[in-house]
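Reader: Hi, I have a structure to look at. Can you walk me through it?
Author: Sure. Let's open it up.

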Amino acid sequence: MRYFNTEGICKPKVHYMVRLDDRLQEIRRLYIDQGKYFVINRGRQYGKTTTLTALADFLSDAYAVLPMDFQRISAAGFADEQAFSEKFIAYVEQLALQRNHLKEMICQDALQALTEQKDHGDVSMDLLFAGLSRICATAKRPVVLMIDEVDSASGHEVFIEFLSQLRAYYLDRENSPMFHSVILAGVYDIKNLKRRIRPDGEQRYNSPWNIAADFDMEMGFSAAQIQGMLEEYEKDRHTGMQTAVVSDEIYQYTAGYPYLVSAVCKAMDEKLPETLLAADSAVWTKEGVAQAVKLLLDKRLPLFDSMMRQISEYQELKQMLYAMLFWGETFAYNPDHPVIELACMFGYMKNSHKNVQVANRMFEMRLYNLFLAEEELSSTMSRLAKRHRNQFIEQGRLDMYRVLEKFVEYFQDIYGGSEEKFLENSGRKLFLLYLKPIINGIGNYYIESQTRDARRTDVIVDYAGEQFIIEMKIWHGEEYNRRGEQQLFGYLDSYHVNRGYLLSFNFNQNKTVGVRKIQIGDKTIVEAVV
């Protein structure tokens, strides 16, 4: 029986996975058939290795494919030219022995001549490439080189020389045969490697790989691709799920990040039935997706740990994310900005309509949890919410009216005399610090990024299968307030609920503090003003 895999390479016969056939055909048509040298540069656990593995098999009908993984070469193998050349030749020799199609495609005399140089201990980078050129010239099919995990080599001088040789042969392919196509895969941008130029460790940037074609194919999964995977699962398991609904909900949380898609599905398949003590028909729903996301956000996943390390190391990135999430600030996408480039390279942020944005809802929720946890211990609002949590829950349901009512009361008591600028920047954060301990353990929340700006933020709360839409906004006049109410009514329609909540931070001296209900047709808005 197949299962959802989050550890290593995904294989169609063993795992439920998004089918890659269309993607492989596009890579072949746009890059391999045209003889491109290129880099697949994506964040961690973004499906690079799975794609390369599938591509190697996909191309084997027309190409002699050499699939390498530089993690298999130890640090000693990058010590100098001879050590690297010997390891590289041994790797090619091993592939030629293990892969049947290579035995037939590669001229054994050319391979033997190269291995003899290794065995005699007389090989340099120049001799390595001369031997590789002979192999490519005599092969029965064009030779494609794939190297995964090139990050393992990026800190070594000898790898820079290897790329320089590849570049030189690429530019002179008519006279000096070389690989038909080369694919390098890793997290870091190989075009901007740090090159060691002095024994004291001083570094400068070097670009020996400026021949690389831009690889701009989308490697995340669409909702339709996720649905195709779930339909295969449904054929085997017969859960009765609405695959279109569930796949769209998974996409909303993950934005198609391959690891997160598999992790959510795996949690729903393996963890939720025992956690919820529910049948599959209750698990494979929108509510089940939310529960699976909550389980994952409470775990120490390596992907999240990596993100936290980068944020801790790059304080400017942390400050940028904080301002985006809590203050609604926007930052223009600029590939020359080192922090923005780094965050996008790792896959934590993305270019969205010329502004940077957190890459997906799950990353954003994890970041909110981090930032709020750092301030939770010192937050009076948070302590009060924890102390009086029981008054907000009635028969297992969240009383959001009561939540807002008490927030107004606590807010006025604690911050009524604070200066306006502090409240304008901190009001939304204070509400989230107050809300988090109330729903903790059962509920979850996320911010609707499409509506977040300096004036407005929509919070979606999921609690025990019930959704609450809360618009938080800063008061900017009666007309703006009426527009906000109308926007919220429209938003309720899209979420198919009849009640919404409006939290207004009003700094007018003559404001009316409190909670009131506004009824328009069959829709109710509970408005709280502080």
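Reader: Which residues is Leu 398 in contact with, leaving aside its neighbours within four places in sequence?
Author: This is a predicted model. In it, Leu 398 touches Phe 392, Ile 393, Val 403, Ile 438 and Ile 439. Val 461, Tyr 463 and Phe 468 are contacts of Leu 398 too.

Reader: And which residues have the most contacts inside the largest nonpolar core?
Author: Leu 398 is one of them, along with Trp 284, Phe 363, Tyr 434 and Val 461. That core has 134 residues.

Reader: Which helix gives the most to this core?
Author: Helix 10, residues 258-276. It supplies nine residues.

Reader: How many residues are in the other core?
Author: That one has 48 residues and lies apart from the largest core. Ile 73, Ile 89, Ala 110 and Leu 163 are among them.

Reader: New topic. Which residues of helix 1 are buried?
Author: Arg 23, Leu 24, Ile 27, Arg 28, Tyr 31 and Ile 32. Down the helix 1 axis, the buried residues fall within an arc of 135 degrees, so they line one face.

Reader: What covers the buried residues of helix 1?
Author: The cover includes strand 3, helix 2, strand 5, strand 6 and helix 8.

Reader: Now pockets. What volume does the largest pocket have?
Author: About 1,000 Å³. Its lining has 33 residues, and Asn 41, Arg 42, Phe 215, Cys 344 and Met 345 lie nearest the centre.

Reader: How many of the lining residues are nonpolar, polar and charged?
Author: The lining has 16 nonpolar, eight polar and nine charged residues. Strand 3, helix 9, helix 15 and strand 9 each supply at least two lining residues.

Key:
Residues numbered from 1 in each chain as written. Predicted model: local features only at pLDDT ≥ 70, side-chain atom pairs only at ≥ 80, totals over all residues. Heavy atoms only, no water. Buried < 20%, exposed > 50% of the residue type's maximum accessible area, 1.4 Å probe, protein only. Helix = DSSP H or I, 4+ residues; strand = E, 2+ residues; numbered from the N terminus. Arc of directions from axis to C-beta. Contact = heavy atoms within 4.5 Å. Core = buried A, V, L, I, M, F, W, Y, C linked by side-chain atoms within 4.5 Å. 1 Å grid on protein atoms, 1.4 Å probe; cavity = no way out; pocket = protein on both sides within 12 Å on 5 of 7 lines; lining within 4 Å. Points joined across faces, edges and corners; volume = space filled by probe spheres on them. Nonpolar A, V, L, I, M, F, W, Y, C, P; charged D, E, K, R; others polar.
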